[in-house]
Amino acid sequence: MPPSVGSSRTTTVSTGTETYLHHKAPHNRLHRHHISLSSSIPVSANTTVARVSSVLASSKGHQQANSSARYFVQVKSPHERTELELVDVWATTIPARMATSVVSHLKQELPKDPHSLLHLRRLVKESDVEQQDSALRASDQVVLNLLICSIDAVPSEDEIKRMLLPMTELIVAKMNDNRLFVPVIRKAPKYPALTKQQSKEWSDGTWPIMWRGNPHAIISELPSDYEELYKKYIDTLLELTEKAHNEGEMPIATLIVDPATYEVVASAVDTRNSSNNPLAHSTMTCIAKVAEKELWRRQNETTAMQSTKEPPPQAYLCNNLQLITTHEPCAMCSMALVHSRISRLVYIKNMPRSGGIDRSSGPGYGIHWNRQLNWRFETWKWDGQNILLYDIDEATNA
Amino acid sequence: MGTIHHEYMKSALRMANLAFESDEVPVGCVYVHDGKIIAEGMNDTNRSLCGTRHAEFLGIETILQTHPASIFEETDLYVTVEPCVMCASALRQLKIRAVYFGCANDRFGGCGSVLRVNSDPGVERPFPAYPGFYREEAIMLLRRFYLQENEKAPTPKTKKSRELKTDFSPLDLGKYVPRGEIEKLYGREMLDNLVASAAAAAAAAAAEADEESDPSM
C-alpha cells in the first residue's frame with residue numbers, strides 16, 4: 001500500500017500518540033512533541049522525502065491486524081556467537097566454609113589461564129548443578145562446587161591434586177563427603193552469553209554462567225513504543241537532511257536523544273562541504289555537542305552555585321543516550337560511539353562500502369559488537385519501506 | 001637508535017609529556033610535512049569531557065585551519081601510541097601518507113592490533129603504519145599515568161597495581177610491518193633486536209598480557 005501523504009498523516013500522528021501515551025510518555029511532553037512535529041512538517045507535493053509518519057499511516061491498519069509488524073531490525077555482528085561452545089574445566093567439591101581460603105590458595109598456585117573464565121561462576125551451590133544429596137543438605141555440612149581452571153591451563157590431574165592437597169588437610173574430620181577436593185572434569189560454556197536468555201540456556205546442563213545483568217544486552221525486538229518514538233525522530237532527521245541538502249551539505253543528519261526524558265540532547269548535520277573538513281560528519285559533531293553542552297553546564301553550575309562536588313574526571317557522556325542517524329556510520333564514527341559509550345544506535349540506510357557496523361558493509365567490522373573492544377551497543381536499522389533519503393555516493397563515509 | 005623518525009617521535013613524546021602534566025592520558029603526536037612539523041596534538045578527553053578528543057584530532061584541526069585537506073596526502077603522522085580504530089579511519093579518510101607510532105594499543109588499536117583499518121580493503125587508499133619508535137618511553141609514560149590514577153582512586157587497589165613495572169614484552173614487529181621494510185626503516189640494530197625478541201617471545205608464550213592499552217586512547 002503506498003503512503004498517502006495528506007490527511008492521513010494527522011490521523012497517524014495522533015494514533016501514534018495514543019499508543020505512545022499509553023506506554024509511558026508524560027502527557028505534556030508528548031503533547032509538545034506532537035504539536036511541534038505536526039506544525040513543522042510542511043506537506044508539499046514536490047518534496048523529495050516521504051514522511052515516516054505517513055508510512056505509519058499507511059500501515060497502521062495492517063499493524064492493527066498484525067501486531068507483530070516491525071519497522072526496525074537488529075543489526076547483529078559477525079562476532080556474535082549463537083552456538084554454544086564448550087571448554088573442559090577442572091572442578092571439585094569443597095566445604096562452603098573453606099571457600100575463601102581455597103580460592104585465595106588456588107589463586108597463588110594457578111598459572112594464567114589461556115581461556116578467560118570470568119563469565120563463569122566460580123562457586124556454585126550443589127543444587128544449581130545437580131540435585132543435592134538430601135542427607136547432606138539435611139546435615140549442616142554445606143558444600144560448594146568450585147571451578148578451578150581450564151584443562152588447557154593445567155592438563156595434569158596430579159598437578160591439580162598437588163595444588164588441592166594442603167587444603168584437604170584442613171577438612172574437619174566429621175565431613176565425610178568422598179567428593180571433597182577430588183578433581184573432576186566438567187564442561188563449561190567457553191564464551192560469555194549475549195543475553196540473559198542465552199545465559200540461561202547455555203548454563204543448563206553445563207557450568208553456570210554469571211549473568212551480570214548487562215543493560216545493553218541484545219533484545220530480540222524493539223518495544224513498540226520505541227518504534228513509534230524513533231519514527232518521530234526520523235521525521236526530524238528528514239527535515240534536517242532536507243535543509244542540509246538545500247544548503248549544499250551532504251544530506252546526512254544525526255540526533256542524540258535521552259530515552260528517559262525524550263529530550264533531543266543534540267542534533268547535527270554533516271558539514272564537510274562548508275567546513276572543508278572531510279571529518280565533519282554529523283555523528284562526530286553530535287557527540288562533540290553533547291560534551292560542549294555538559295562542559296558549559298558544569299562550568300556555569302560551579303560558578304553559580306559554588307558547588308564543591310567535582311564531576312568525575314572521566315565521565316562517559318553518552319552513556320544511557322541513544323543516537324539516531326540517517327546513514328550507517330563509518331568506522332571513525334562507529335568507534336567514536338564506542339569511545340562515548342552510547343547505549344543504542346538506530347539508523348535508516350546501510351552504507352555498503354564504508355559502514356563500520358553491518359557485517360555486509362566494508363570489511364565487516366561490526367564495531368558495535370566487537371569482542372575485543374571494551375564497549376558494545378545495540379544497533380537497529382530501519383526495515384520499513386518508503387523512506388526516501390537523498391542519494392549520496394555509496395563511497396561516502398557517513 | 002637515531003633515525004629521522006626517532007627525531008620526530010621525540011617531539012611527539014614531548015606532547016605526550018604535556019598531556020601527562022595536564023592530567024590527560026599521555027598520548028602526543030606531531031604531523032610532518034616537507035620535513036617540517038606543521039601541527040602538534042595531545043590527548044584532551046578529560047578536559048573536554050569528549051571521548052573523541054584524541055591527540056590526532058587536535059592536530060588535524062590545527063592543520064585544517066590553514067591548509068586544504070589535500071595536504072594530508074603528503075603528510076606523515078608521528079604518534080606515541082598506535083592510533084585507535086576511530087583515528088585510523090579518520091587518517092585514512094584524510095589520505096595520510098604514513099603513520100609512525102611508539103607502542104601498540106591492544107585494546108583499541110586500528111593499525112594492526114585490534115583491526116587493520118589502515119590496510120583493509122576500503123574506499124580510500126591504505127596507509128602504512130610503523131610501530132616501535134621510542135616504544136618503551138611511550139609505555140612508561142602510560143604506566144606512570146595509570147599508577148598515579150590508581151593512587152588517586154578512592155578504593156585502594158591491589159599492591160601489584162601500585163608498582164611501576166619496568167619490563168617490556170617483545171614487540172611483534174612482523175604483525176605490523178612487512179619484513180622486507182624493517183631494516184630500511186629501523187636500521188640494522190632494530191632488525192637484530194627483532195630477531196632476538198621474536199625468539200624470546202616464542203620462549204615466553206604464556207607471558208602476561210602487555211599493558212599498552214587504555215580506555216581513552
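This report describes a predicted model with chains A and B, beginning with its confidence and then turning to the contact between the chains and to single residues.

Residues are numbered from 1 along each chain as its sequence is written, and chains are lettered from A and ligands numbered from 1 in the order in which they are written. Because the model is predicted, local features need pLDDT of at least 70 and side-chain atom pairs count only at pLDDT 80 or more, while totals for chains, interfaces and linings use all residues.

**Confidence**

The predictor gives the complex an ipTM of 0.88 and a pTM of 0.69. For chain B the mean pLDDT (the predictor's confidence in each residue, from 0 to 100) is 87, and 85% of the residues of chain B reach 70 or more. Over residues 205–217 of chain B, however, pLDDT stays under 50.

**Where the chains meet**

Counting two residues as in contact if their C-beta atoms, placed from the backbone, lie within 7 Å, chain A contributes 35 residues and chain B 30 residues. On the side of chain A that touches chain B, the elements giving two or more residues are α11 (282–305) and α12 of chain A; helices here are DSSP runs (H or I, at least four residues) and strands likewise (E, at least two), numbered from the N terminus.

Helix α12 (residues 331–340) of chain A packs against helix α4 (residues 85–93) of chain B at an angle of about 155 degrees, with the axes 8 Å apart. This angle makes α12(A) roughly antiparallel to α4(B), a term used for angles over 145 degrees, where axes are lines fitted to C-alpha atoms over the stretch in contact and angles run from 0 to 180 degrees between N-to-C directions. In this pairing A:Ala331, A:Met332, A:Met335, A:Ala336 and A:His339 meet B:Val85, B:Met86, B:Ser89, B:Ala90 and B:Gln93.

**Single residues**

A:His327 lies in strand β8 (residues 322–327) of chain A. Beyond four places in sequence, the contacts of A:His327 include A:Ile252, A:Tyr347 and A:Ala398.

A:His327 is buried, with 28 other C-beta atoms within 10 Å, since a residue is called buried if 20 or more other C-beta atoms, placed from the backbone, lie within 10 Å of its own, exposed if 12 or fewer, and partly exposed in between.

Most residues other than glycine have a negative phi. Two residues with a positive phi are listed below.

| Residue | Phi | Loop |
|---|---|---|
| A:Phe181 | near 60 degrees | between α7 (157–168) and β5 (184–189) of chain A |
| B:Tyr134 | near 55 degrees | between β5 (129–130) and α5 (135–152) of chain B |

A:Phe181 is buried, with 23 other C-beta atoms within 10 Å, and B:Tyr134 also counts as buried, with 23 C-beta neighbours inside 10 Å.

How values were computed
Parallel < 35°, antiparallel > 145°, perpendicular 65-115°, else oblique.
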